[in-house]
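Me: Please take a close look at the salt bridges of this structure and at the parts of the chain that they bring together. I am new to it, and a connected account that ends with the wider setting would be welcome.

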Amino acid sequence: MTRRRILLLLLPLVLLPVLAAAAPAGDTPPASPGLLAPPDRLAYPPLDFPVPRAERFELPNGIVVYFLEDREVPLVTVQAYLKGGSLLDPDGKEGLAELLATVMRTGGTHSRTGREVDERLEFLAADAEASAGLETISASLSVLKKDLEEGLALFSGMLREPAFEEERLVLARELKKEDLRRIADDPARFAFREFGRFQYRQGPWARLSSLASLDAVLRQDLVSHHRRLFTPRNLWIAVSGDLSREEAREALQRHFGSWTAADIPGTEAPQPVPGRRGIRLVSREISQSVLIVGHPAPSRSAPDYHAFQVLDFLLGGGGFSSRIFQEIRTDRGLAYSTGSFYRSRLKHGVFGAYAITRTDATLSVLAHLERILAESGRGAFKDQDLQAARESMLHRFIFSFQSPEQVVRQRLLVEFDRLPADFLESYRKNIRKVTTGDIEAAALRWLDASRASILVLGDPRGFGGRLDSFGEMMNAP
């Protein structure tokens with residue numbers, strides 16, 4: 001670096017004291033927001049962010065389409081959603097939905113082999129994916145505008161007429177089995193997987209795929225399951241990018257319009273029933289423990305949904321400033337990682353507070369987690385805590401709409417999840433309305449210690465005490 005550049009870099013450091021000394025007594029030095037103003041004194045105008053809209057229309061056969069035009073780049077994104085994920089897997093064939101989604105994408109169509117589909121997508125620089133969750137099967141396509149016709153032909157063939165090639169099913173099954181084997185080597189991942197099963201304890205929500213259940217899935221199972229779920233009346237499509245509404249409608253009609261509209265299948269699984277308090281130990285000879293304290297939580301349509309969102313943010317979902325992080329990691333240094341999560345579904349939800357700690361601190365950390373949860377219903381959070389949480393959540397909300405595909409997906413999912421039509425518009429208002437009283441009421445209702453499901457993964461020989469002092473020990477479901 002030259003002397004001149006060094007002097008230029010040092011010049012502000014030299015001038016600032018001079019300017020400060022030259023200022024009249026009692027006056028503030030000349031404004032320089034980036035250098036002189038403390039962060040807590042910075043002032044900004046109120047944030048005005050109208051939630052972006054998307055257009056909605058239906059194809060004659062019942063497919064619901066959400067559309068958003070965006071001419072910034074010559075790219076089109078198509079996202080498809082169907083109701084019916086792994087919750088509908090038959091007993092003994094857990095993993096069927098995941099294999100269906102994978103092989104639907106990789107296993108070819110009635111007119112092209114899997115290899116041919118891969119080669120054409122690569123030639124077009126297009127990307128196509130498919131996946132399955134608990135309640136949803138989804139697929140996506142990203143393609144250049146000039147290649148939209150061929151891209152949609154490949155995508156519609158994948159959704160409408162998958163071939164489910166046997167060799168691709170064998171490959172997908174073996175990859176999934178290998179992934180299951182590897183989970184046991186990752187303590188945190190294994191603990192969270194087992195927590196889901198222990199939290200629900202019985203019914204379809206508690207089932208997990210296994211090596212045996214994956215081996216039981218045959219090609220005909222994929223064909224039958226696809227025939228049952230994949231119908232226009234069970235399909236929602238989001239389109240965004242470099243095309244007009246009419247272009248989108250015409251293109252979708254060409255590739256999906258001839259699809260026969262069968263009846264909507266039954267896609268809802270029985271809802272879980274909260275169980276009594278219980279503790280499950282997953283014994284592992286390792287030098288750390290993973291702890292998860294789970295509770296039932298409100299659904300997305302529940303009256304206290306927004307209050308519980310704020311409560312989760314204050315407890316552990318808010319990161320470094322959250323109560324769990326501050327007390328367990330920052331103040332006491334008892335955890336490598338700690339926090340909370342809240343998974344809200346259509347008719348129920350799950351909350352969990354977690355920590356990864358050294359073995360000899362296991363019981364101490366568990367006691368602190370339960371204490372913090374109990375205190376949240378007894379005035380633990382003040383107005384200033386609530387104000388900071390609300391502002392942070394409202395600012396984060398904006399980042400749900402960073403791209404056209406995010407916007408159109410958010411709009412589609414409101415209808416897909418049967419939420420109120422103004423759910424997105426009213427979200428910020430509902431968050432602002434949350435009071436400390438609302439938070440305490442939500443904590444008292446949902447964080448009842450008598451219904452906690454506590455999972456601990458670790459070596460009990462190093463706990464320094466008895467885990468059953470926290471409640472009844474339960475075996476795996």
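Reply: **Salt bridges and their surroundings**

In this predicted model, aspartate 118 and arginine 168 form a salt bridge, with their closest N and O atoms 3.3 Å apart. Aspartate 118 belongs to helix α3 and arginine 168 to helix α5 (residues 166–183), so this pair ties together parts that are 50 residues apart in sequence. The two partners fall into separate classes of accessibility: aspartate 118 is partly exposed, with a relative accessible area of 25%, while arginine 168, at 19%, counts as buried.

The count of salt bridges comes to 39. Another of them joins arginine 207 to aspartate 91, where the closest N and O atoms are 2.7 Å apart. Both residues lie in loops: arginine 207 sits between α6 (187–200) and α7 (211–215), and aspartate 91 between β3 (75–83) and α2 (96–106), so the bridge ties together parts that are 116 residues apart in sequence. Arginine 207 is partly exposed at 21% relative accessibility, whereas aspartate 91 is exposed at 64%.

A third pair is made by glutamate 247 and lysine 145, whose side chains meet in a salt bridge at 3.7 Å, N to O. Here the link runs from helix α9 (residues 245–256), which holds glutamate 247, to the loop between β5 (136–144) and α4, which holds lysine 145; the two residues are 102 residues apart. Glutamate 247, with a relative accessible area of 33%, is partly exposed, and lysine 145 is partly exposed as well, at 24%. This pair is part of a network in which salt bridges that share partners join Glu69, Arg71, Lys145, Asp242 and Glu247.

Arginine 160 offers a contrast. This residue lies in helix α4 (residues 148–160) and is buried, yet has no salt bridge. A salt bridge requires the charged atoms to be within 4 Å, but the nearest side chain of opposite charge, that of glutamate 161, is 5.5 Å away. Arginine 160 has other polar partners: its side chain reaches the backbone oxygen of histidine 255 at 2.9 Å, and a polar contact of 3.2 Å joins it to the side chain of serine 258. Leaving aside residues up to four places away in sequence, arginine 160 touches His226, His255, Phe256, Ser258 and Trp259.

Helix α4 also borders empty space inside the model. Of the two cavities of 30 Å³ or more, the largest has a volume of about 40 Å³. Its lining consists of Val117, Leu121, Ala128, Leu141, Gly151, Leu154, Phe155 and Met158. Helices α3 (114–123) and α4 each supply at least two of these residues, and α4 gives the largest share, four.

The largest pocket encloses about 1,000 Å³ of space. Among its 40 lining residues, Arg300, Tyr305, Gln309, Ser344 and Asp417 lie nearest its centre. Two or more lining residues come from each of α10 (305–317), β9 (337–344), α13 (383–397), α14 (404–416) and α15 (423–433), with α10 giving the most, five.

As for the wider setting, the chain has 16 helices and eleven strands, and its C-alpha trace spans about 80 × 65 × 50 Å along the principal axes. Of its 477 residues, 49% count as buried. Among contacts with a separation of 6 or more, 81% are between residues 24 or more positions apart.

Methods:
Residues numbered from 1 in each chain as written. Predicted model: local features only at pLDDT ≥ 70, side-chain atom pairs only at ≥ 80, totals over all residues. Heavy atoms only, no water. Buried < 20%, exposed > 50% of the residue type's maximum accessible area, 1.4 Å probe, protein only. Lys, Arg positive; Asp, Glu negative; His and termini not counted. Polar contact = N/O pair within 3.5 Å; in protein donor to acceptor, adjacent residues only side chain to side chain. Contact = heavy atoms within 4.5 Å. 1 Å grid on protein atoms, 1.4 Å probe; cavity = no way out; pocket = protein on both sides within 12 Å on 5 of 7 lines; lining within 4 Å. Points joined across faces, edges and corners; volume = space filled by probe spheres on them.
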